[in-house]
Every structure is written in structure tokens, then in C-alpha cells.
Amino acid sequence: MQKLFRWASKWWPGLIPLAAMWGFAAWNNTLPVEADLSARSSAALKDTVLDKTRIVVDGRDVGLAADAFSEEGRRDAVMAVETVAGVRLVDDRTRLVPEAKPFVWNAERDVVRVTLSGSAPLPSMKARLTEAARKEVGGVEVADQMGLARGAPPRFEAAAMLLLDQIGKLKDGKITITDTKVNLSGMARELGGREAIAAALKNLPEGFSIAANEIKAPPYIFQAYKDPVAATVTLTGYVPDNNVHAAIATSATRKFFTEKVVDNLKASIGAPGSFSAAVVPALGALSRLSTGTLVVSDREVKLSGDALYEGAANDIRAGLGKDFPKNWQYKPEITVKPAAGPVDGTVCQQLFSELLTKGKIRFAIRRADIDPDSAGILDRLIETALRCPTTNIEIAGHTDADGEDSFNQALSEKRAQAVIDYLVKAGLPASRFTAVGHGSTQPLAGNDTDEGKAQNRRIEFLVR
């Protein structure tokens with residue numbers, strides 16, 4: 001017996017490494033099997049719609065965890081894994097994605113980004129909505145803060161896609177779908193944007209309706225800037241249509257300004273009523289400034305800049321608002337340009353001649369009433385007269401050859417006197433001026449064309 005014990009004590013320790021080798025072999029053979037089952041189980045799920053899928057294989061048992069979007073989809077996923085060859089048991093740990101009641105989705109735009117929030121019904125749809133937003137607002141950051149939830153109404157994606165098409169038309173704002181009700185708020189990026197959005201909303205899918213549309217139009221802005229250094233008047237912003245555009249451009253170039261007019265206006269809907277009736281007199285007031293800016297925003301007119309002398313500043317401040325249509329507001333910010341230094345008679349004459357070469361004092365047809373649109377050129381003539389206070393000035397009137405000579409002679413004298421009356425009203429002493437009429441006796445051009453007649457109808461300032 002002792003011999004048997006001694007013999008056994010020699011061989012049984014050899015069983016330990018043998019068992020270890022067997023265990024390692026079994027484990028080494030199990031790893032490929034589990035990896036294969038995991039890969040084939042994942043492949044079996046490729047046609048199912050799941051979120052947060054996780055597969056754990058223990059031998060031939062498969063644990064399946066995932067969020068499903070319907071009870072049917074959940075059953076199909078478990079069944080797909082159960083039918084994988086070699087799977088013995090499926091540990092079903094799937095669950096349904098929570099249902100959102102109400103189902104809410106938002107697209108919000110601010111200065112720097114577009115944020116998508118609320119719920120999306122499927123991961124693939126979530127990705128499509130995000131990509132659609134990026135395409136619509138190219139270059140602007142899109143933040144995806146959407147969660148996943150059940151409960152989306154039928155045709156949700158079509159409605160959300162149509163609304164994302166509108167996000168690019170907003171400067172800022174928010175679009176919300178609550179079940180089948182759509183709410184919009186914010187500011188359109190451009191004039192006409194509000195109307196374009198309203199038109200698009202008519203194509204919402206069946207079942208969806210607008211609960212509130214509070215998209216506002218941006219201010220309707222017209223601007224004019226007068227730059228004495230560049231000798232330009234730049235028009236920017238909007239006008240109601242091409243006819244108004246042409247009328248304003250014609251007034252600016254032919255009636256108000258001797259400077260070059262740079263026309264950058266665009267036609268757009270959304271103009272306030274009586275737009276032209278306010279803008280035209282406002283441009284006339286701008287023409288009286290040395291440098292100035294005119295801003296028309298909806299029904300508010302703001303005119304700022306330097307008048308050529310104190311009397312002109314007071315006249316502009318007091319007079320412009322009287323010409324505006326009802327319910328329009330006027331904000332004058334008129335200062336006075338520092339007075340220029342005095343000049344002698346020779347320079348004074350040169351300045352008068354240059355001014356009257358660029359612009360004309362206009363009168364009512366066959367009358368001596370000065371056209372109010374001539375205020376700009378008259379202000380410049382007054383400024384020049386103030387710079388040469390010791391000189392006497394002859395105001396000479398001329399007409400074309402139409403009509404009787406006696407009528408033209410009298411008309412030319414009356415027009416010359418009307419100019420003197422205007423200068424005296426502005427504060428210049430009457431003793432410095434003499435009115436002379438020449439009728440049609442001193443033409444600058446032939447009277448056989450309209451252009452020639454226009455040149456002959458003129459007022460001259462002559463330093464004596």
C-alpha cells in the first residue's frame with residue numbers, strides 16, 4: 001500500500017498542467033466561435049432600425065441590447081438574431097424608445113448658428129434633417145441637439161424639410177412643429193422674405209396647419225449719402241418698383257444734385273405708403289447740405305449733416321416735415337458747416353460761374369416763381385456771396401426766344417428780382433444786388449432746339 005501511495009504521489013501533480021492546457025484549448029476554441037456569432041448577429045440586424053445596439057456573446061448565448069422604434073421592430077430584431085446559425089439562446093434586453101407627447105421639433109436661428117432640437121423619429125431622419133439644414137445655411141454652424149422619440153405625426157419629415165427650406169430666409173427666428181401645428185417667429189433676412197415664406201407654407205403636407213406666423217419684414221430702408229470730397233451722391237437700399245426708381249433717379253440727377261449720382265437702388269416689395277411723396281422732398285433737403293446722410297426707414301426719415309449757413313439750417317429743420325405725408329416722422333440733425341474764408345471779387349466771380357455751370361436756378365413755366373427744387377444751388381450761391389461781403393453783384397436774367405420780346409424782357413427782369421428777394425430773405429443786404437433783365441437778346445445757343453432754349457433760359461451772377 002505504501003508503494004502504491006508513493007507511486008501516486010509522483011504522477012498526480014502532472015494532471016495540473018494537463019488541466020490547464022485543456023482549459024486553454026477550450027477557451028482558445030471558444031473565442032473564434034463567439035466572435036463569429038457576434039459578427040453574424042450584427043449582420044442579421046443590418047435591415048432593422050435600432051439605436052444604441054450592443055451585442056454580447058457568451059459561448060453560444062447572445063445578449064442583445066438596443067433601443068427600438070416600434071414593438072414590431074423590436075420583435076423583428078430579436079427574431080433575426082435567433083435565426084442565426086449556432087445561436088442557442090437570445091437574452092432580449094431591447095426596449096422601446098420613449099414616446100414624446102406632444103411630439104415637438106424646433107429649428108432656431110440666431111446670429112452665429114442654427115440649432116435643431118426637440119425630437120426626431122429615426123436616426124436616419126435625424127441625420128437627413130441636419131444635412132438639409134447645413135445645405136440651406138451653407139457656412140453657418142448647425143448644432144444638432146435633437147433626441148430620438150416615437151410619436152411623430154404622419155408626413156413629419158416632409159413638413160420638417162419644407163420648414164428647413166425657410167430657415168435660410170430668416171435673419172433670426174424659430175420654427176416649431178408641435179404634433180401637426182406649425183409656429184414661426186422672427187425676422188426675415190431680406191425684403192420679400194416674409195412673403196416668400198408665407199407662400200411656401202401653403203405647400204405644407206396634408207394634416208399640417210399654421211398655428212402662428214409671426215415672421216416680420218426687415219425695415220424698408222432707402223439711403224442717400226452726399227460726399228463733397230468725392231463729389232458724389234450715393235443712393236442705396238430699396239424702392240417699390242422700376243417706375244419709382246426711374247422717377248427718383250431722374251429727380252436726383254436733373255433737379256437736386258450737381259454731383260455725380262451713384263445709383264445702387266433695388267426694387268422690392270414692402271414699401272410704406274406714400275414712399276415717393278416722402279423721399280423726393282427729403283432728397284431735396286439733402287441737396288441743400290454740404291455733406292449729409294439721408295436714411296428712410298419704414299415711415300421715419302432721418303436727415304443729418306451740415307447746412308451751408310445758419311439760415312439754411314433753420315429753414316431745413318422747420319420746413320421739411322411739412323412736406324411729408326400723414327403719419328411720417330422726421331428727425332433732423334442739422335448742424336452748420338464752418339464758414340469758409342473770405343475771397344476777393346475775382347475769385348468770387350469764378351466761384352459763381354462754376355456753380356451756375358453745374359446747376360441752374362429753375363422757374364415755373366413763363367413765370368417768375370422760383371422752383372423749390374432750386375434751393376440747393378441757391379444755398380451755394382448764398383454761401384459764396386457771404387464769402388465776398390464787400391462786392392456788389394448784378395443778377396442778370398435771360399430767356400429763350402419764344403414769345404414776344406416785351407414779355408421776355410419783363411419776365412427776365414422779374415426772375416432776376418425774384419432771385420434777389422430770395423438772397424435778401426436769407427439775410428444778405430439788398431444794397432449789394434442789382435436786377436437786370438436781357439430777355440432773349442443774349443443767347444448762348446440757337447433757339448431752334450429744346451437743348452439750345454434750355455441753355456438760353458438762365459440766371460447769371462456778375463461781380464461789379
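Visitor: At what angle do helix α10 and helix α11 pack, and how far apart are their axes?

Guide: Two packed helices are described by the angle between their axes and the distance between the axes. In this predicted model, helix α10 (residues 345-358) and helix α11 (residues 375-387) pack at about 175°, with axes 10 Å apart. That makes α10 roughly antiparallel to α11. Angles under 35 degrees count as roughly parallel, over 145 as roughly antiparallel, 65 to 115 as roughly perpendicular and the rest as oblique. Axes are lines fitted to C-alpha atoms, for helices over the stretch in contact, and angles run from 0 to 180 degrees between N-to-C directions. Helices (H or I, at least four residues) and strands (E, at least two) are DSSP runs, numbered from the N terminus.

Visitor: Which residues of α10 and α11 meet?

Guide: Contact means heavy atoms within 4.5 Å. From α10, C348, L351, F352, L355 and L356 meet I377, R380, L381, T384, A385 and R387 of α11.

Visitor: On which strands does α10 pack?

Guide: Strands of a sheet pair through backbone hydrogen bonds, either parallel or antiparallel. Two strands pair here if DSSP finds at least two bridges between them. One open sheet has 3 strands in the order β19-β18-β20, with mixed pairing. β19 (433-437) and β20 (458-463) are at the edges with a single partner strand each, so one side of each has no neighbour in the sheet. The twist averages 20° from one strand to the next. Strand β18 (residues 393-398) pairs with β20 in the antiparallel sense over 6 bridges, and E394 stands opposite L462 in β20. On this sheet, α10 touches β18 and β20, its direction making about 170° with that of β20.

Visitor: What is the strand order in the open sheet of 6 strands?

Guide: The order is β14-β13-β12-β15-β16-β17, with mixed pairing. β14 (260-267) and β17 (329-336) are the edge strands, each pairing on one side only. Strand β16 (residues 300-307) runs parallel to β17, joined by 8 bridges; the bridge partner of D306 in β17 is T335. Helix α8 (residues 275-286) lies across β12, β13, β15 and β16, at about 165° to β15.

Visitor: Which conventions govern these values?

Guide: Residues are numbered from 1 along each chain as its sequence is written, and side-chain values use heavy atoms, with hydrogens and water left out. Local features need pLDDT of at least 70, and side-chain atom pairs count only at pLDDT 80 or more, whereas totals for chains, interfaces and linings use all residues.
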